[in-house]
Amino acid sequence: MSHEEKRPAANAGQDTLIEVQDLKKYFPIKGGLFRKTVGYVKAVDGVSFSIARGKTFGLVGESGCGKSTVGRTLLRLYEKTDGSVLFEGEDIFALSRKHLRAVRPQMQIVFQDPYSSLNPRMSIGQAIGEPMLTHRLCTKGDVRKKVSQIMEECGLPSYYIERYPHEFSGGQRQRIGIARALALNPKFIVCDEPVSALDVSIQAQIINLLTDLQRERGITYLFISHDLSVVEHISDYVGVMYLGSLVETGSQEALYQNPLHPYTKALLSAAPVPDPHAKRNRILLSGDIPSPANPPSGCKFHTRCPIAQEICASQVPQLVDCGDGHCCACHFAGAEVKPNSQREQ
Amino acid sequence: MAKFLVRRLLQMIPLLLGISIIVFFLTAMMPGDAVDAKVNPNMTQEQILHLKEMYGLTDPIPVRYVKWLVNAVQLDFGDSLTYLKPVTSVINDYMWNSFILSLIAFILQLVIAIPIGIVSATRQYSAVDTAGTVFALLGISLPSFFLGLLFQKIFAIDLQWLPLSGMSTAGANYTGFAHYWDVFLHLLMPILVLSLVSAGAMMRYVRTAMLEVIHQDYIRTARAKGLSEKVVIYKHALRNAMIPVITYIGFSLPTLFSGAMITEKVFGFPGIGKVAYDAIIKRDYPLYIGFTMFVAVLTLLGNLLADILYAAADPRIKME
């Protein structure tokens, strides 16, 4: 790809833990009498970014834009279609199954739905302890003690150890999910919408837990969310996804203060402001997100873009550095987008 | 737990009472009775009436029901009109033959269905899965009498490998091992028929349960933990998939004792299913009603057992 050198270099010069290069994940659509592949859902279509050790990369976008697929594919929970993922310089997709299992403890994931992601027939002590035993991070003798420690660290009283997932509240379950991931002492955790299923007050607790753990242990996060304010709070760098591609990446500050892509601008204009009297100038996008099985030509966003021109329908804009590692994939990056809706909240 | 059991057992009493009313009245209201069934053309009308009075068949149905019920609660279901002994002892005599047949068939059914179901689910749409599905559909759609007759034609008549019917060779009077071998050869075909026709449905059941579990988030979690595929499938997935299968097994247990009417009849196997079939044909209503009540009790106990197993297998369910 021609934009290889211009790939977001927001953290150039720093110690890179994970590097995603032109990652693609297509899901085949089967149809017809013999279940032949009749097309592909391009869930992730050429995504590149890197995350520095100990930092948080926030990935935002609408539902169905492929952000969860990015998280799962880069952990090789799905097999890739193309591209590469380097974890500490090693290509994850080049590892044998056995080697991959050995690397798994270093990269963990926290899922959106904390209930369905816990085995209903295992007590949480078993659920947290099982991978520790498998990867010989503890012995049968001290597994209980270690599990208790992790649980306390995640704000769960250790006497809950014998309980089953259904006996906990949503927030507690997410703490279990985090404790489970943390038990393996990972360097990298993909947080796949970890707070989207929780109450706002519980969301804050979980976010604080995640930031505390990062400070203490130097863990690197990929934080996936559709909630712009949560991502703003936790992230050092942010990527905005639309229909399987990154449209804008940059440091949290640059992206939120000075969004360059019209899609980012529209998203930010939709975020609620905690002031009931504030006048809001919103950029409303018309229409629905197009089907990833049949994405629009040229710039995928041109069908909904308020400033689209002729070129947008024919030429794919590349993600280019617009200064200080702030990258944008738009033919008119930084162009002013006039609000088309003005009202009091 | 004890409270739960007592309450469930007490709930069975009104249920059984209701079942007995329906079964007794339906049977009694059918035209014809045991006397009509074996009437001799030389008998006079008076003799027939006298016989009917003797068997208590001329009383109004409610009166007959109350008389029957008073005896039934003392576990006396009357005498069989064809075997001329108490219904309970007829059931006891033939039940165990059926039990041996059904138990072996049931175990074979599980041994066939569960592994194929698991492999079908873990390799969905593969050649193994397709073959398993074809096998299952064959089992589901072939009636046992057809498969039974087909087996008899092939293995007993054409190839002459196996005895045609019965449970042992008449007049052979084998002893010791020779006797068991003889019984085994007689059991082989009915066992195969019974297990093949039921394994198909069971296999589809296991496959569905397994497929549902495999796509759960916690299976993805298990993979993310870096567990081996074996542990993911057999420890995490299978244990959860087995919850509905265990319930299914609980429901199937009564059928072990109640016999397989059609298969036993086809193979002339002296089991309780064949006895019940003959009881209907010969209008041996005391035996037929007794057998039906026996099956009703077994079914209710099977439901209770399924509930207990369900709670034992799934920590989310508590018995209260």
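This is a short talk on a predicted model of two chains, A and B, beginning with each chain by itself and ending with the contact between them.

Since everything here rests on a prediction, let me begin with the confidence figures: the predictor gives the complex an ipTM of 0.78 and a pTM of 0.77. For chain B the mean pLDDT is 88, and 99% of the residues in that chain reach 70 or more.

Let me turn to chain A, which has ten helices and 14 strands. Its C-alpha trace spans about 70 × 55 × 50 Å along the principal axes. For 345 residues, a compact globule would have a radius of gyration near 20 Å, and chain A has 21 Å, which agrees with that expectation. Of those 345 residues, 43% count as buried, and if we take the contacts in chain A with a separation of 6 or more, 67% of them are between residues 24 or more positions apart.

Within chain A there is an open sheet of eight strands with mixed pairing, and the order across the sheet is 6-7-8-3-9-10-13-12. Which strands stand at the edges? They are strand 6 and strand 12, the latter covering residues 320–321, and each has a single partner strand, so one side of each is left without a neighbour in the sheet.

Staying with strand 6 of chain A, four bridges join that strand to strand 7, residues 188–192, and the two run parallel. In that pairing A:Met107 stands opposite A:Phe188 of strand 7. As a reminder, in a regular strand the side chains alternate between the two faces of the sheet. In strand 6 of chain A, we find A:Met107 and A:Ile109 pointing one way and A:Gln108 and A:Val110 pointing the other way, and all of them are buried.

Further along the order we come to strand 3 of chain A, residues 56–60, which runs parallel to strand 9, residues 237–242, with four bridges joining the two. One pair to look at there is A:Leu59, whose bridge partner in strand 9 is A:Gly239. Helix 9 of chain A, residues 262–270, lies across strand 9 and strand 10, the latter being 245–251, and runs at about 105° to strand 9.

Two residues of chain A deserve a look at their backbone. A:Arg76 is not a glycine, yet has a positive phi of about 60°, and A:Arg76 sits in the loop between helix 1, residues 67–74, and strand 4, residues 82–87. Is A:Arg76 buried or exposed? A:Arg76 counts as buried, because there are 20 C-beta neighbours inside 10 Å. The second residue is A:Asp324, again not a glycine, with a positive phi of about 55°, and its place is the loop between strand 12 and strand 13 of chain A, where strand 13 covers 327–328. A:Asp324 is exposed, since 12 other C-beta atoms lie within 10 Å.

Now to chain B, where there are 13 helices and zero strands. The C-alpha atoms of chain B fill a box of roughly 85 × 55 × 35 Å, again taken along the principal axes. Chain B has 320 residues, of which buried residues make up 33%, while residues 24 or more positions apart account for 72% of its contacts with a separation of 6 or more.

As one local example in chain B, I would point to B:Ser168, which is found in the loop between helix 7, residues 144–158, and helix 8, residues 176–214. B:Ser168 is partly exposed, as 17 other C-beta atoms lie within 10 Å. Which residues does B:Ser168 contact, if we leave aside its neighbours within four places in sequence? They are B:Asp182, B:Val183 and B:His186. By way of a distance, B:Val134 is 34 residues from B:Ser168 along the chain, and their C-alpha atoms are separated by 35 Å.

Finally, the contact between the chains, which takes 22 residues from chain A and 18 residues from chain B. On the side of chain A that touches chain B, the elements giving two or more residues are strand 6, residues 107–110, and helix 3, residues 124–134. Helix 3 of chain A gives the most to that side, with three residues. As for composition, the residues on this side of chain A divide into nine nonpolar, seven polar and six charged. Strand 6 thus comes up twice in this talk, as an edge strand of the sheet in chain A and as one of the elements on the side that touches chain B.

Notes:
Residues are numbered from 1 along each chain as its sequence is written. Chains are lettered from A and ligands numbered from 1 in the order in which they are written. This is a predicted model: local features need pLDDT of at least 70, side-chain atom pairs count only at pLDDT 80 or more; totals for chains, interfaces and linings use all residues. Two residues are in contact if their C-beta atoms, placed from the backbone, lie within 7 Å. Ala, Val, Leu, Ile, Met, Phe, Trp, Tyr, Cys and Pro count as nonpolar, Asp, Glu, Lys and Arg as charged, and the others, Gly among them, as polar. Two strands pair if DSSP finds at least two bridges between them. Axes are lines fitted to C-alpha atoms, for helices over the stretch in contact, and angles run from 0 to 180 degrees between N-to-C directions. The radius of gyration is taken over C-alpha atoms; the globule rule is 2.2 Å times the number of residues to the power 0.38. pLDDT is the predictor's confidence in each residue, from 0 to 100.
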